[in-house]
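Open the model in your viewer and keep the sequence panel beside it. We will go from selection to selection.

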Amino acid sequence: MSLEQTINQDIKAAMIAKDNARLRGLRAIKAAVLLAKTEKGASEELTEDGEIKVLQKLVKQRKESAEIYKTQNRDDLYQIEIEEQEVIEQYLPKQLDKASIEKIIKDIITELNATSVKDMGKVMGSANQKLAGQADGRTISEVVKSLLS
């Protein structure tokens, strides 16, 4: 079953359960998927990678907004963003912990014979492909930088 069909079913279930927090998150996913499908130059169907990228973008937006609301002492809005983020993350592949990411990146560094920060671009390209959907870009970048320094 595609992500879009799953989301539609889950929206119905959330409406019946009157779960407003879940409903907000699901509607955000549905809107983002529809937008991605209708973008100029997009194909009719989103690939699984495309769906993951859309979901990761939504999670990143929620995290950034939550940080802003936290610094402005807007706990009401902060809570909404966190709730939506948690709902969206349920549809992403399981995220790896930092130790697992470090192990994979060490293997990539060995494989590419990277020795300094100058090789960061090669390592990042390979790491982003290998860890797609399992870790966010910021975490990957931090780990690569620390291992190459």
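**Stop 1: helix 4**

Select residues 75-89, which form helix 4 in this predicted model. Show side chains for Glu81, Ile82, Glu84, Gln85, Val87 and Ile88: these are the buried residues of the helix. Two of the names in that list are Glu81 and Glu84. What do these buried residues pack against? Add helix 2 (20-38) and helix 3 (48-71) to the selection, and you have the partners.

Now check the geometry of helix 4. From first C-alpha to last, its 15 residues reach 21 Å. That is close to the 21 Å expected at 1.5 Å a residue.

Stay here for one side chain. Select Tyr78 and Lys70. Lys70 lies over the face of the Tyr78 ring, at 4.7 Å from the ring centre. What of aromatic pairs? A search of the whole structure finds zero.

**Stop 2: helix 2**

Move to residues 20-38, helix 2. Its buried residues are Leu23, Gly25, Leu26, Ala28, Ile29, Ala32, Val33 and Ala36. Colour them and look at their spacing along the helix. An α-helix has 3.6 residues a turn, so residues three or four places apart point the same way.

What covers the buried residues of helix 2? The cover includes helix 1, helix 3 and helix 4. Display those three around helix 2 and rotate.

The length also checks out. Helix 2 has 19 residues, so at 1.5 Å a residue it should span 27 Å, and its end C-alpha atoms are indeed 27 Å apart.

**Stop 3: two loops with positive phi**

Select Lys18, in the loop between helix 1 (3-17) and helix 2. Lys18 has a positive phi of about 55°, yet it is not a glycine. Most residues other than glycine have a negative phi. Is Lys18 buried or exposed? Its relative accessible area is 68%, so it counts as exposed.

Jump to Asn113, in the loop between helix 5 (98-112) and helix 6 (120-130). Asn113 also is not a glycine, and its phi is positive, about 55°. Asn113 counts as exposed because its relative accessibility is 63%, over the 50% cut-off.

**Stop 4: the loop between helix 6 and helix 7**

Next select Leu131, which sits in the loop between helix 6 and helix 7. Is Leu131 buried or exposed? Its relative accessibility is 0%, so Leu131 counts as buried. Which residues does it touch, leaving aside neighbours within four places in sequence? Show Leu96, Ile101, Ile104, Ile105 and Ile140: Leu131 is in contact with each of them. Draw a distance from Leu131 to Ile105. Their C-alpha atoms are 9.3 Å apart, with the two positions 26 residues apart along the chain.

Step to Ala132, in the loop between helix 6 and helix 7. Ala132 is partly exposed, with a relative accessible area of 49%. Draw a second distance, to Gln56. The two C-alpha atoms are separated by 9.9 Å, although Ala132 and Gln56 are 76 residues apart along the chain.

**Stop 5: the largest pocket**

Keep Gln56 on screen and turn on the pocket surface. The largest pocket holds about 650 Å³ of space. It is lined by 26 residues; closest to its centre are Gln56, Lys60, Ala135, Asp136 and Gly137. Which elements give two or more residues to this lining? They are helix 3 and helix 7 (137-148). Helix 3 gives the most, with 10 residues.

Pick out Gly137, in helix 7. Gly137 is partly exposed, at 41% relative accessibility. For a longer view, draw a line from Gly137 to Gly41. They are 96 residues apart in sequence and 25 Å apart in space, C-alpha to C-alpha.

**Last stop: the whole chain**

Zoom out and colour by secondary structure. The protein chain has seven helices and zero strands. Its pattern along the sequence is α-α-α-α-α-α-α. The C-alpha trace spans about 55 × 40 × 30 Å along its principal axes.

Finish with a colouring by accessibility. Of the 149 residues in the chain, 33% count as buried. Then turn to contacts between residues at least 6 apart in sequence: 58% of these join residues at least 24 apart.

Terms used:
Residues are numbered from 1 along each chain as its sequence is written. This is a predicted model: local features need pLDDT of at least 70, side-chain atom pairs count only at pLDDT 80 or more; totals for chains, interfaces and linings use all residues. Side-chain values use heavy atoms; hydrogens and water are left out. Rings of Phe, Tyr and Trp (its six-membered ring) pair if their centres lie within 6.5 Å; planes under 30 degrees apart count as stacked, over 60 as edge-to-face and the rest as tilted. A charge sits over a ring if NZ of Lys or CZ of Arg is within 6 Å of the ring centre and within 35 degrees of the ring normal. Helices (H or I, at least four residues) and strands (E, at least two) are DSSP runs, numbered from the N terminus. The expected span of a helix is 1.5 Å times one less than its number of residues. Buried means under 20% relative accessible area, exposed over 50%, partly exposed in between (1.4 Å probe, protein chains only). Contact means heavy atoms within 4.5 Å. On a 1 Å grid over the protein atoms alone, a cavity is a set of points where a 1.4 Å probe fits but cannot get out, and a pocket is an open set with protein on both sides within 12 Å along at least five of seven lines; lining residues have an atom within 4 Å of a point. Grid points are joined across faces, edges and corners, and a volume is the space filled by probe spheres set on the points.
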